[in-house]
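Please open the model in the viewer and keep the selection panel at hand. The tour below moves from one selection to the next.

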Amino acid sequence: MADQLPTKFRLTVVTRERKIVETDAVETVLPASDGEIGVLPGHAPLLTSLKVGIMRYRTNGEGQSLVLSWGFAEILPERVIVMAETAHLAQEIDPAAAEAERLAAEKELAYLSSHDPEFAVVEGRLEESVAMINVHRGI
Amino acid sequence: MANTIDIRRRIRSVKNTQQITKAMKMVAAAKLRRAQERIFAARPYAAALREVLSSVATRVEGTDHPLLSAREENSVLLLVVTADKGLCGAFNSNVIRAALNAMREHHWSSVQLLPIGRKANDYFRRRPIPIRRQETHALHALTLQTAHEISQTLIEDFIGEKIDAVYGVYNEFKSIIAQHVRVERILPIERDWDEVGTEVDYLYEPGPVQILEDLLPKHIEFQLYRILLESAAAEQGARMTAMEAATKNASDMIEHLTLTYNRIRQASITKEIIEIVSGAAASEG
């Protein structure tokens with residue numbers, strides 16, 4: 001007799017400063033470092049690092065988006081733990097601030113060579129602000 | 001009577017001091033609550049990080065990642081965390097004493113210091129011990145960025161073999177009334193998670209070695225962040241206790257002074273009455 005696949009999993013999103021999400025979810029999409037990963041209940045155990053990007057999840061009926069930047073995710077058949085450097089819920093995002101951040105990061109990036117260690121940091125800020133703007137627009 | 005005036009003045013001054021200590025206690029209590037909340041907020045992350053680390057580290061058998069490799073401890077860096085301010089009992093001196101004791105006990109051939117907090121900086125600036133990095137504002141705005149910068153310095157020095165180990169000396173927040181000085185090794189990372197290793201066979205993306213490489217610096221960074229949070233909470237706890245004691249001492253002192261004051265006042269009244277009575281008796285006779 002095959003094991004019954006679970007129909008939901010426990011989703012937890014934590015940063016070092018707070019716990020952002022703890023809920024039962026039926027689906028999530030994570031910005032893994034090698035590309036987006038979709039997770040359904042009963043996923044094979046997986047550890048992955050995350051990059052800057054948009055994370056989505058669906059509880060029964062309701063969808064929710066977050067902007068994550070870096071971190072790790074531990075995926076088990078009945079549990080997903082996301083440990084992020086920073087995480088912002090879609091409704092917490094201030095589009096004006098994100099836009100300002102995007103412009104500032106773009107301007108700074110123009111002065112940096114791609115070998116500069118700062119480059120990756122500023123690039124990350126740019127990606128994060130772009131992701132925030134996209135989430136806000138509902139893309 | 002000049003004496004009663006003097007005592008009255010002293011009572012007033014002690015009362016003023018008591019008001020200040022009482023206010024400081026209230027402020028410390030409010031700050032303590034905030035500091036405690038931050039510690040609690042970081043706990044879920046700590047648990048998750050520990051779990052993931054243990055499962056990766058057991059999986060990646062026999063790695064000699066530089067941050068895990070222990071070598072003979074010749075040159076050591078001590079991270080000494082005090083407060084920026086005093087008036088918190090033995091909080092600062094306990095940490096400094098523990099750091100000095102550690103140096104005396106271990107016979108490291110060279111020691112560098114990374115003092116955090118103004119009190120540690122003030123103390124060690126006048127000693128002949130090299131200081132790796134000045135960190136006076138770390139506690140003023142306790143952020144992840146601070147922890148990140150400090151951890152970068154430590155990791156660079158450790159991998160560059162300029163130092164062989166890093167120890168943290170700080171006050172651990174036990175409870176509101178108890179702080180406990182801890183000397184804790186930060187680098188190389190202790191492999192004490194092996195026993196907790198999970199049985200789960202994970203898939204890894206990108207690969208277990210890569211993930212471990214990303215995780216370990218994060219682990220150090222988080223440990224530093226935790227140490228700073230603990231110390232900040234412990235500081236407020238210590239200040240609360242110290243100010244509570246000071247307030248109580250002031251009460252005792254006021255009570256004692258009031259008693260003396262009344263006694264002197266009574267004595268002078270009695271004396272005056274005796275003078276009047278004896279004066280009257282003399283004129284009658």
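The stops that follow concern confidence, the contact between the two chains, and the domains of one chain.

**Stop 1: chain A, coloured by confidence.** This is a predicted model, and pLDDT is therefore a suitable starting point, being the predictor's confidence in each residue. Select chain A: its average pLDDT is 87, and 97% of its residues score at least 70. Within this chain, strand S3 (residues 27-32) has the highest mean among the elements, 93, while helix H2 (residues 117-137) has the lowest, 84.

**Stop 2: the boundary between chain A and chain B.** Next, display both chains and select the residues in contact: 25 of chain A meet 25 of chain B. Between them the two chains bury about 2,200 Å², and carbon and sulfur atoms contribute 65% of that area. On the chain A side, select A:Arg16, A:Leu47 and A:Phe72, the residues that lose the most area to chain B; together they account for 37% of what that side buries.

Which side chain of chain B meets A:Arg16 in a salt bridge? Selecting B:Glu221 shows the partner, with an N to O distance of 3.0 Å. Three salt bridges are counted between chain A and chain B, and four residue pairs are in polar contact there.

Now colour chain A by secondary structure. Strands S5 (46-50), S7 (63-76) and S8 (79-89) of chain A each place at least two residues on the side that touches chain B. The most come from S8(A), which gives five. By class, this side of chain A comprises 13 nonpolar, four polar and eight charged residues.

**Stop 3: the two domains of chain B.** Hide chain A and colour chain B by domain: domain 1 spans 2-25 + 244-284, and domain 2 spans 27-240. Computed over C-alpha atoms in the viewer, how many Å separate their centres? The computed separation is 52 Å.

Select the junction between these domains of chain B, where four residues of domain 1 contact six residues of domain 2. The two domains bury about 420 Å² between them, 53% of it on carbon and sulfur atoms. On the domain 1 side, pick B:Met24, B:Lys25 and B:Glu244, which supply 89% of the area that domain 1 buries against domain 2.

How many salt bridges are counted between domain 1 and domain 2 of chain B? The count is zero, whereas seven residue pairs are in polar contact. Helix H1 (residues 2-59) of chain B provides the largest share of the domain 1 side, three residues. That side holds two nonpolar, no polar and two charged residues.

Notes:
Residues are numbered from 1 along each chain as its sequence is written. Chains are lettered from A and ligands numbered from 1 in the order in which they are written. This is a predicted model: local features need pLDDT of at least 70, side-chain atom pairs count only at pLDDT 80 or more; totals for chains, interfaces and linings use all residues. Side-chain values use heavy atoms; hydrogens and water are left out. Domain bounds come from an automatic or database domain assignment. Contact means heavy atoms within 4.5 Å. Buried area is the accessible area (1.4 Å probe) that two parts lose on being put together, summed over both. A salt bridge is a side-chain nitrogen of Lys or Arg within 4 Å of a carboxyl oxygen of Asp or Glu. A polar contact is a pair of N or O atoms within 3.5 Å; within protein, one must be able to donate a hydrogen and the other to accept it, and residues adjacent in sequence count only if both atoms are side-chain atoms. Helices (H or I, at least four residues) and strands (E, at least two) are DSSP runs, numbered from the N terminus. Ala, Val, Leu, Ile, Met, Phe, Trp, Tyr, Cys and Pro count as nonpolar, Asp, Glu, Lys and Arg as charged, and the others, Gly among them, as polar. pLDDT is the predictor's confidence in each residue, from 0 to 100.
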